[in-house]
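User: I would like a close look at a single part of this protein, followed outward into its surroundings. Please take one connected answer to do it, and say what each term means as you go.

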Amino acid sequence: MGKRRGRVWVVVLGDFGRSPRMQYHTLSLATQAGVEVDVLAYGGSEPLTAVLENSGITIYTVPDPPASLQALPRSLALLLKAAFQALLMLLMMLFWLPAPDALLLQVPPAIPTLPLCWLACRWHRATFIIDWHNFAYTLMALSMGPRHPLVQLAQRFEKFWGRRARRHLCVTRAMQAELARSWRIDATVFYDRPPAHFRHATLAEKHELLLRLRPELEAPVHPHDCCAAARPPAPSQTLDPADRAPGGAANGSAAGGGVADAPPAHMMTTPSAARSNSAAAASAACGKGDIGGTAAEEVTLCTRRRPGGRAELRADRPALVVSSTSWTPDEDFGTLLAAARLYDAQARAKPGTLPRVLLAVTGRGPQREAFCAALAAEDLRWVAVRTLWLAPSDYPRLLGSADLGVCLHMSSSGLDLPMKVVDMFGCGLPVCAAAYACIGELVAHGDSGLLFSGPAQLAAQLAELLGGFPEAESLALARMRHTVSAASAVTWDTSWASVVLPMFAA
C-alpha cells in the first residue's frame, strides 16, 4: 500500500455480529493500526460492545430487500433478493461509503462479493485483501454434492476472482498449501487467537453467570431431566475452593444417598454419594428449601453463596460441558445425541462411576429446531441438554466456567479450523473435537484435547475425562487443562501485530 493511509473497509456478506474473527480484525485495525474502519455487512446479531463503542469504527448495514419478495416463488425470491442486495452493496461501495485505502473481505461467501469488492478497489484505487476462512463452493457441495454443475461453476468463479486480490490471509497451513498448489495464490497463515477477554472465570463470575442463566438451565427439556428444578444442597454439601487439593481432589468426601436408575435432580451423583445407601445422608443431600434455597442465599446447579459469604462450588454439582455451534450442516449434532445416549447408558449400568452432565449448546441457526424436537423425545437420565443464545459478554464467561468443551465442526473443505475451539482454549478449557484432516494444527490429541471419530468414541472420552467428578479431576483432564492454559498466553493482539499489521503498514 506504500505509505500507510487512514481508512480500511471490512466487508462481510453476512451477520457481522456472528463473525468473531472479522470483529477482532476490525478492533485491531482501529486500535493497533490506528485507522478509520468502515464495516459493510448484513444486520442481525449485536456486535461486541468494544466494536460499538469505538469511535473509529462505523458500521453500515445493507438494507433488507422489500418484504413483497416473500410472496414470489422461493427460487425466484432468492434470485431477486441476491440481485437486490448486490446492487445495493455496489452503490454503497461506489458512492456512499468514504473511499478506503484498503478493503478486507471475508470469504466465504464469495458470490457476489468477490467481483463487487474487486470493482470497488479499482474504483477507489484501494488494496484488495481477502481473509480466506474456507472455500465457499465446498459449503454449497454439502447440500448439492461436489459434482453438481453449480458447484463446479462456483469453484471456477471463486478461483478466478480470488486471484484478483493483492494480498491474502488464510486460517491453516493446509489451506495455504491448497491455495498455492491449485489456485496460484500466495497466502499468509494467520491462526485464530483468543482475545484478552477470553479467560478462565473466577468462582464469583461463574456463580453470577449461572444465577442469571438459572431459569434456562433448570427448566426441564426432556423426560427425567436430571438438572431440572434442583434443590439446594445442605451446608455440608458445598465444596469450598480452599478445601480442594492440587489437581482438583477434595481433602474431604461428601456424604450422599443411594442412586436409582435415574438420579433425582436434587441428589448427589458423585461416586461417594452412589456408594452410600444411607437414607439419612440422602435426606441431608436433598435439603428442604425450594430451587432458590433460603430467602437470603443464592443457589445454582453448580454453586451457592450464603449471605455475606463468598461463592462456593456445590459438591453435588453436575459436570458442565459446553459446545457452541451455528447449527449448520458441517456440524452433526446427531453425533452428540448418540454420544449422550451411550454415556447415559453407561452411567445407568454402573451407578456411582460417572457424574451427571449438564450439556450447554450455545448458538442459533437453521438446524436448531430439529435438534430441539429430537431432544424432547430423548429419555436421558444422567445427561441434561440445554440450547442457549447468549449475550456476547456471557459467552466467554460460560466457556471459562465449564469443565470440558465439545466441538462437532467437520470442515466442508477439510482446510479450516473451528474458532470455537480457539475460544475454549483461550478460557483454559480442554476440548473433545471431531477429527478431520487438519484439526491437528489446533488440537494436539492427548495434550490439549482428544479427537473422536464417532459417538461411541466421544462417549468413551466423556466417561474417561469426567470419571470421579466432582470429587477429583481426572489426571488426563488436569494435564490437558495445564497444557491449554500455557498455550493461551499467545493472544489475538500479539499475533495480529506480528502477522497482519505489516500488510496494512507496508
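How many of the residues of β12 are buried?

Analyst: The model is a predicted one, in which local features need pLDDT of at least 70 and side-chain atom pairs count only at pLDDT 80 or more, whereas totals for chains, interfaces and linings use all residues. Residues are numbered from 1 along each chain as its sequence is written, and side-chain values use heavy atoms, with hydrogens and water left out.

Six of the six residues of β12 are buried, so this strand is largely enclosed by the rest of the structure. Buried here stands for under 20% relative accessible area, exposed for over 50%, and partly exposed for what lies in between, with a 1.4 Å probe and protein chains only. Strands are DSSP runs of E with at least two residues, helices are runs of H or I with at least four, and both are numbered from the N terminus. From β12, the residues A319, V321 and S323 point one way and L320, V322 and S324 the other way, and all of them are buried.

The strand belongs to an open sheet of six strands with parallel pairing, in the order β14-β13-β12-β15-β16-β17. At its edges stand β14 and β17 (449-452), each of which pairs on one side only, and neighbouring strands of the sheet are turned by 20 degrees against each other on average, direction ignored. Two strands count as paired if DSSP finds at least two bridges between them. By that criterion β12 is joined to β13 by six bridges, the two strands running parallel, and V321 of β12 stands opposite L359 in β13. One place further towards the edge, six bridges join β13 to β14, which also run parallel; in that pair V357 stands opposite V383 in β14.

A helix covers this part of the sheet: α13 lies across β12 (319-324), β13 and β14 and runs at about 135 degrees to β12. Such an angle is taken from 0 to 180 degrees between N-to-C directions, the axes being lines fitted to C-alpha atoms, for helices over the stretch in contact, where contact means heavy atoms within 4.5 Å. In the loop between β14 and α13 sits A391, which at 36% relative accessibility counts as partly exposed. Its C-alpha atom lies 9.8 Å from that of P47, although A391 and P47 are 344 residues apart in sequence.

Helix α8 also meets members of this group. Its buried residues are E205, K206, H207, L209, L210, L213 and L217, and what covers them includes β13 (357-362), β14 (383-388) and α13 (394-401), together with β9 (298-299), β10 (303-305) and β11 (311-314). Helix α8 (residues 203-217) spans only 18 Å between its end C-alpha atoms, whereas a straight helix of 15 residues would span 21 Å at 1.5 Å a residue, the expected span being 1.5 Å times one less than the number of residues. A kink of about 40 degrees lies at L211 in α8, shortly before the proline P215; the bend at a residue is the angle between axes fitted to the seven residues ending there and the seven starting there.

A further sheet of the protein can be set beside this one. It is open, has seven strands in the order β3-β2-β1-β4-β5-β6-β7, and is paired in parallel, with β3 (57-61) and β7 (188-189) as the edge strands, each pairing on one side only. Four bridges join strand β1 (residues 7-15) to strand β4 (residues 102-107). Helix α3 (residues 74-96) packs on the sheet, touching β1, β2 (36-42), β3 and β4, and its direction makes about 165 degrees with that of β2. The end C-alpha atoms of α3 are 31 Å apart, which agrees with the 33 Å that its 23 residues should span at 1.5 Å a residue. Its buried residues, among them A77, Q85 and M89, pack against β1, β2, β3, β4 and α4 (113-124).

As for the whole, the secondary structure comes to 18 helices and 17 strands, and 57% of the 506 residues count as buried. Residues 24 or more positions apart account for 73% of the contacts with a separation of 6 or more.
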